[in-house]
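Reader: I would like a close look at one buried part of this protein chain, set in the context of the fold around it. Please begin with a single residue and work outwards.

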Amino acid sequence: MKKRGNTKAGAKSGKPAKTPNPSPRPRKARSRREVLTAAASWGAIAFGVGGVGYWTVSSVSASMSEGDLSRIGNGTPSVVQIHDPQCSECAALQRAAREALTGFEDGALTFMVANLRTAEGRALAARHNVGHVTLLLFDRSGEMRSVIRGVHPSATLQRAFETHLRLSTS
């Protein structure tokens, strides 16, 4: 019988003993073209991420501003949409109203959204006895002057807004 002495790991199974990994091979130096290509790619990614971030912040800021109903009667005629975020007709009215407002100078009319999912939005709708898919037109002092119910084409809304602006500023 053979006497077994200290054996290396793996010697029992007949496999050779594992040796530690040799030091990694040195990296090949990158060419100038490879470095510039990588920099351009990372720059494009950073630009894209920055653009998305800017758009997101702008959208959230605009939404917050549109939801601030305390601006009714601030000296500028206002258009307030009574809006249910789950309503497809409300979304269609909102698109048409925003499109109609692009024909006006900035600051000529204030557009706001009274979200029926908030207490403030429900209170405004109840105070004026209206439901969703509705636009309320207020003069400079906050007096409601007109109600537009239902979805209308943007051209129709633009004419109504022009009339409202003319009557509110005279």
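Author: The model discussed here is predicted. A suitable point of entry is valine 133, which is buried, with a relative accessible area of 7%. This residue is found in the loop between H3 and S3. Its backbone is notable in one respect: valine 133 is not a glycine, yet its phi is positive, at about 60°.

The loop between helix H3 (119-127) and S3 also holds asparagine 129. Here too phi is positive in a residue other than glycine, with a value near 55°. The surroundings of asparagine 129 may be set against those of valine 133: asparagine 129 is exposed, with a relative accessible area of 66%, whereas valine 133 counts as buried at 7%. Because the limit for buried is under 20% relative accessible area and that for exposed is over 50%, the two residues of this loop fall into opposite classes.

From valine 133 the path leads to isoleucine 148, since Val133 is one of the residues with which isoleucine 148 is in contact beyond its neighbours within four places in sequence. The other partners in that set are Thr134, Leu135, Leu137, Leu157, Ala160 and Phe161. Isoleucine 148 belongs to strand S4, which spans residues 144-149, and it is buried, with a relative accessible area of 12%. Leucine 137 lies 11 residues away from isoleucine 148 along the chain, and their C-alpha atoms are separated by 8.1 Å.

Several of these partners recur in the largest nonpolar core, which has 19 residues; Val79, Leu109, Leu135, Leu157 and Phe161 touch the most other members. Two or more residues of this core come from each of helix H2 (88-101), strand S2 (110-115), strand S3 (134-138) and helix H4 (154-169). Helix H2 gives the largest share, 6 residues. Apart from this core lies another, of 11 residues, including Ile72, Ala114, Ala125 and Val130.

Valine 79 shows how the parts of the chain meet. Beyond residues up to four places away in sequence, valine 79 touches Leu109, Thr110, Phe111 and Met112, together with Leu135, Leu136, Leu137 and Phe161. Leu135, Leu137 and Phe161 are thus contacts of valine 79 and also of isoleucine 148.

Serine 78 is placed in strand S1, residues 78-83. This serine is buried, with a relative accessible area of 0%. A polar atom of its side chain lies 3.3 Å from the backbone oxygen of threonine 76. Leaving aside neighbours within four places in sequence, serine 78 is in contact with Arg71, Ile72 and Gly73, with Leu109, Thr110 and Met112, with Leu136, Leu137 and Phe138, and with His164. Leu137 therefore appears among the contacts of serine 78, as it does among those of isoleucine 148, contact being defined as heavy atoms within 4.5 Å.

The wider fold gives these details their setting. The protein chain has 4 helices and 4 strands, arranged along the sequence in the pattern α-β-α-β-α-β-β-α. Among contacts with a separation of 6 or more, 67% join residues 24 or more positions apart. Of the 170 residues, 26% count as buried. The chain exposes about 12,300 Å², of which carbon and sulfur atoms supply 55%.

How values were computed
Residues numbered from 1 in each chain as written. Predicted model: local features only at pLDDT ≥ 70, side-chain atom pairs only at ≥ 80, totals over all residues. Heavy atoms only, no water. Buried < 20%, exposed > 50% of the residue type's maximum accessible area, 1.4 Å probe, protein only. Areas by Shrake-Rupley, 256 points an atom, 1.4 Å probe, with all protein chains shown as cover. Core = buried A, V, L, I, M, F, W, Y, C linked by side-chain atoms within 4.5 Å. Polar contact = N/O pair within 3.5 Å; in protein donor to acceptor, adjacent residues only side chain to side chain.
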